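User: I would like a close look at a single part of this model, with the reasoning kept careful throughout.

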Amino acid sequence: MDLDNVKSDLVTREFLAVVLAGFGNDLVPLTSDYGDEPCPKSLLPIANKPLLEYTLLWLEQSGIKDVLLICPTTHRSSIYHHIHSDVSSSSLRIDLQTYDESQDSNTGTCALLRHFSNRISEDFVVVPCDFIPPPSLPLSLLLNKFRIDALSEACMATTCWYTSRAPEKGTVPEEWGPVSSPSPLVWDPSTGTLLYVDTPDDQDRNGDEVDLKMSLLSRFPRVKLSASLKDSHVYVCRRYVLDLLHEKPHFLSLKEEFFPWLCKLQYRRSKRVKYGKTLRNMVEPKSQAISLQHSSFVDKSSQAHQIDSPIEPDDELVQTKIGVIVHDKESEPAMRINTLQTFFEANKRVLSGTTYSLPVDPKNRSLIDQRAQISNDSIVGESTQISERTTIKRSVIGRHCIIGKMVKVTGCVLLDHCIIEDGAKLDNCILGKNTQEEHSVKGEKLEVSDWMATPDTTVAEHDSDDNE
């Protein structure tokens, strides 16, 4: 037998990546439909590269090969076209599935995992389409943590939290809405165990206080508390987590309901007793069970008596663990692009490592007038026309844009098909697809009712003339 030619299909798949690509209501109006064409959150560009591409590359670098991509039904066509186009460079095997939901409704993550659980037959990784990790946070770091904990302990899942950094005062307008605040978090750094996540219900009950049980502090006397960490919404889970989700049909959110409940199983004896039978059937590693059956050092009769006994000592109850990775490198921050502020900030961070990114194709380069001044920390998309004596600094210019004469663009993000008239000045703005701007804009925010265009019109919508 030639081992070098064994088909990869015969190799057992270790992980399936479950990528969630929702509507992105917190990114309205960038994610609002214009005309009859939807604007999927997963295809919003960061430095002219769709968010989904950052996610797929992160998965691919970890060695994962298979992806279950879940999106709203109305987004299927756009996302399908993207992942099968030349724009996407991913070699992953993607199973695109949809669910019926309107942008006004909200299907929770728990409900989605329950609905598609028949397509998940192995351990899995839940990944949002809007998470952009730094190079110092590879997905393999989480997978290895999960692998180690799963061998030595009954690890049910591994989570990832990162240090959040509030935007500088005055850099984003108040009209963009409030900046999302982090949740208080308690974990044991010596074992990498997540112990407590503050939920909205906890905040309503206790206000500014964190209510910790003595059973938690007795079992984990050296814990850390932080109020500056955010959930990446990346979870590496055992397959049987889906069975537990089915036992909790009223849970909607993984972060706000399911994982806080799982944390309590680690130190609250009453909950381990209540769910002991279910957990024992799921958590006990089969390899250990087989080893015990063949071991000559185990008293079988005593072991059977212990299992059948209705009253169990605390140390014989099923032990569970929720692992945690905390990424706190402020010099290499992670980001979730789930608000207008983070969308703007992410583009600025990508620009900080950019050196003069212009179209490579000579035909596209010829559309940029030689007398235009473009700084080294700017990006210009393909098929974009830039006229003479125009100045562009620290900005991302999308594809198929038309920039007139003597225009000044500073610290802006322009999505595709924008038109900027002669002499206009833009400062710290976000312009959505098909936006036409004739005036100087700084610190302006247009409401949804101000949008003007559809894809068939020449006067483009102020889709997200979400400006600073």
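What volume does the largest pocket have, and which residues line the largest pocket nearest its centre? Please then look closely at the salt bridges around E388.

Analyst: This is a predicted model, and in it the largest pocket has a volume of about 1200 Å³. Its lining is made up of 42 residues, of which D26, N106, T109, H233 and R336 lie nearest the centre. The elements that each give two or more residues to this lining are helix 3, strand 6, strand 8, strand 12 and helix 8, and strand 12 supplies the largest share, with five residues.

Turning to the charged pairs, the whole structure holds 13 salt bridges, and D369, R371, E388 and K405 are linked in a network of them. Within that network, R371 pairs with E388, their closest N and O atoms being 3.5 Å apart; the two belong to distant parts of the chain, with R371 in the loop between helix 14 and strand 15 and E388 in the loop between strand 17 and strand 18, 17 residues apart. E388 also pairs with K405, at 4.0 Å between the closest N and O atoms, and here K405 sits in the loop between strand 20 and strand 21, again 17 residues from E388. As for exposure, E388 counts as buried because its relative accessibility is 18%, under the 20% limit, whereas R371 is exposed at 52% and K405 is partly exposed at 41%.

Key
Residues numbered from 1 in each chain as written. Predicted model: local features only at pLDDT ≥ 70, side-chain atom pairs only at ≥ 80, totals over all residues. Heavy atoms only, no water. 1 Å grid on protein atoms, 1.4 Å probe; cavity = no way out; pocket = protein on both sides within 12 Å on 5 of 7 lines; lining within 4 Å. Points joined across faces, edges and corners; volume = space filled by probe spheres on them. Helix = DSSP H or I, 4+ residues; strand = E, 2+ residues; numbered from the N terminus. Salt bridge = Lys/Arg side-chain N within 4 Å of Asp/Glu carboxyl O. Buried < 20%, exposed > 50% of the residue type's maximum accessible area, 1.4 Å probe, protein only.
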